[in-house]
Amino acid sequence: MADKQPLVTHIYTADPSAHAFNGKLYVYPSHDRETDIQDNDNGDQYDMNDYHVLSMEEIGGPVTDHGIALAQADIPWVSKQLWAPDAAFKNGKYYLYFPARDKDGIFRIGVAESDKPEGPFKPEPDYIQGTFSIDPATFVDDDGQAYLYFGGLWGGQLQCWTSNTFDASQQGPNEPSTGHALSAKVAKLNDDMKTLHESGVQDVVILAPETGKPIPAEDHDRRFFEAAWLHKYNGKYYFSYSTGDTHYLAYAISDSPLGPFTYAGRILEPVLGWTTHHSIAEFKGKWYLFYHDTSLSGRNHLRCVKVREIVYDAEGKIHLKEAQPK
Ligand code: FUB
C-alpha cells in the first residue's frame, strides 16, 4: 500500500475529525506541540494548548490552515491538555467539542460556538455538565437529534468513572482484566447543543458476534480504548474506535445510534507511533478515512494527519480502497 503524505507539514496535527460543510471538507485536529515531557502511559506528553482548523476543496488538493480557532487561554475552566476535538453543525451554528483537564486535573468536555466552520469559536464558561473523560465525537442524525460520544482509557480517565464520582486512585494505565470491557459513553444533546439531554449518559455496548455478549475486558484486540467516531452508511450506524495498546482502528455496527453495536472488524492496522485515531466522512460521493501517524517526526506526541479512501462491500464491511483486489 502506497505511503500517504501528511495533509500539512508546517504544524503537527493529530486526531482528525472530518466533516463536509458548505461543499468543502473541514478537518478538526489536535494541534500537537513540542514539549520536553517524557512519554508515559498517562499521556502527559500530549500537552496541546490550542486548535487550528484545516479545510480543502478537494481531497488531494491544497489544504488551508485557518489559524488558531480556539486557545486554552480563552477557556476559563481548563488547566491543560486540549486533546482530540470534534465539530457539529446545527441550527445555523457550528460547535466545537473538546476535552481538557479542568482545574482539578479531571478531564471534561467543553463546547465552543461559531458562525463559521473555521471559527474562531467562543467557548462556554464551564464544561458540559455530566461529561467526563476524553475524545468527544458528535453525530447529528437525519431527524436532527444530536449525540455526543466520548471516553478514553488510561490517561483518558474513563476507568475512574465506574461509579458516579471520580475515583482518583484509578488514574493511569488501569482497567479491569476480567469481566466485560469498559464502554465508551453516549448521551443525546439538547437542541442548544451545549447541554446533555435528561436521558443521561449511557454505555456504548459492543457485542462479540460469536457470543452476542459484550466484548470481554481481556480482549485487547477488540475492546474500546479511545477515539470514538460515529457515522451512518446505508441506514446502519457505524461506531469506530481505537483499541489503544493493540493499536488497531476497529468498528462495530448497529441499527440504533445508541447501540448495542456488534463488532465487525478492523479498518486500519497499527500505524507508526503509539496512538491511532481517526474519523470517517463522505465527501463528493466518496468515503474517506482520516487518521494520523508519526512519520513526520518519529516521536509519539508529534503526529501528522493523513487520508485514505475507503469502500464498503455488499455486506457493508469497510475496506481501504487500496487494499481491494483490482
Ligand atoms: O491527542 C491526545 C490523545 O491521543 C487523544 O485524545 C487520543 O485519542 C490519542 O490520539
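**Exercise 1. Locate N234 and describe its backbone and its exposure.**

Step 1. Start with the place: N234 lies in the loop between β15 (226–233) and β16. Strands here are DSSP runs of E with at least two residues, and helices are runs of H or I with at least four residues, both numbered from the N terminus.

Step 2. Now turn to the backbone: phi of N234 is near 55 degrees, a positive value in a residue other than glycine. Most residues other than glycine have a negative phi, and most peptide bonds are trans.

Step 3. Finally, check the cover: N234 is exposed, with a relative accessible area of 69%. Exposed means over 50% relative accessible area, buried under 20%, and partly exposed in between, with a 1.4 Å probe and protein chains only.

Before you go on, note that this is a predicted model, in which local features need pLDDT of at least 70, side-chain atom pairs count only at pLDDT 80 or more, and totals for chains, interfaces and linings use all residues. Residues are numbered from 1 along each chain as its sequence is written, and side-chain values use heavy atoms, with hydrogens and water left out.

**Exercise 2. Set M193 beside N234, then find the cis peptide bonds at P120 and P260.**

Step 1. M193 also has a positive phi, near 65 degrees, and it is a residue other than glycine.

Step 2. The place of M193 is the loop between β12 (184–189) and β13 (202–204). With 0% relative accessibility, M193 counts as buried, whereas N234 is exposed.

Step 3. For the peptide bonds, look at G119 and P120, which are joined by a cis bond with omega at about 5 degrees. P120 sits in the loop between β8 and β9 (122–123).

Step 4. G259 and P260 are likewise joined by a cis peptide bond, with omega at about 0 degrees. The loop that holds P260 runs between β17 (249–254) and β18 (261–268).

**Exercise 3. Work out the surroundings of D293 and D32, and name the residue that touches both.**

Step 1. D293 is found in strand β20 (residues 286–293) and is buried, with a relative accessible area of 6%.

Step 2. List the polar contacts of its side chain (pairs of N or O atoms within 3.5 Å; within protein, one must be able to donate a hydrogen and the other to accept it, and residues adjacent in sequence count only if both atoms are side-chain atoms). The side chain of D293 pairs with that of S295 at 2.7 Å and with that of K306 at 2.8 Å.

Step 3. Leaving aside neighbours within four places in sequence, D293 is in contact (heavy atoms within 4.5 Å) with V271, L272, R303, C304 and K306.

Step 4. D32 belongs to strand β2 (residues 24–32) and counts as buried at 2% relative accessibility. Its side chain makes a polar contact of 2.7 Å with the side chain of R303.

Step 5. Beyond four places in sequence, D32 touches Y12, T13, A14, M48, H301, L302 and R303. R303 therefore appears in the contacts of both D293 and D32.

**Exercise 4. Contrast S242 with K103.**

Step 1. S242 is in strand β16 (residues 236–242), while K103 is in the loop between β7 (93–102) and β8 (107–114).

Step 2. S242 counts as buried at 1% relative accessibility; K103 is exposed, with a relative accessible area of 56%.

Step 3. A polar atom of the S242 side chain lies 2.9 Å from the backbone nitrogen of G244. The side chain of K103, for its part, reaches the backbone oxygen of V78 at 3.0 Å.

Step 4. Not counting residues up to four places away in sequence, K103 touches P76, W77, V78 and S79. Under that same exclusion, the contacts of S242 include F224, Y248 and T276.

**Exercise 5. Describe the whole fold.**

Step 1. Count the elements: the protein has zero helices and 22 strands.

Step 2. The radius of gyration is 18 Å, close to the 20 Å that the globule rule gives for 326 residues, so the protein is as compact as a globular protein of that length. This radius is taken over C-alpha atoms, and the rule is 2.2 Å times the number of residues to the power 0.38.

Step 3. Along the principal axes, the C-alpha atoms fill a box of roughly 50 × 50 × 45 Å.

Step 4. To finish, 57% of the 326 residues count as buried.
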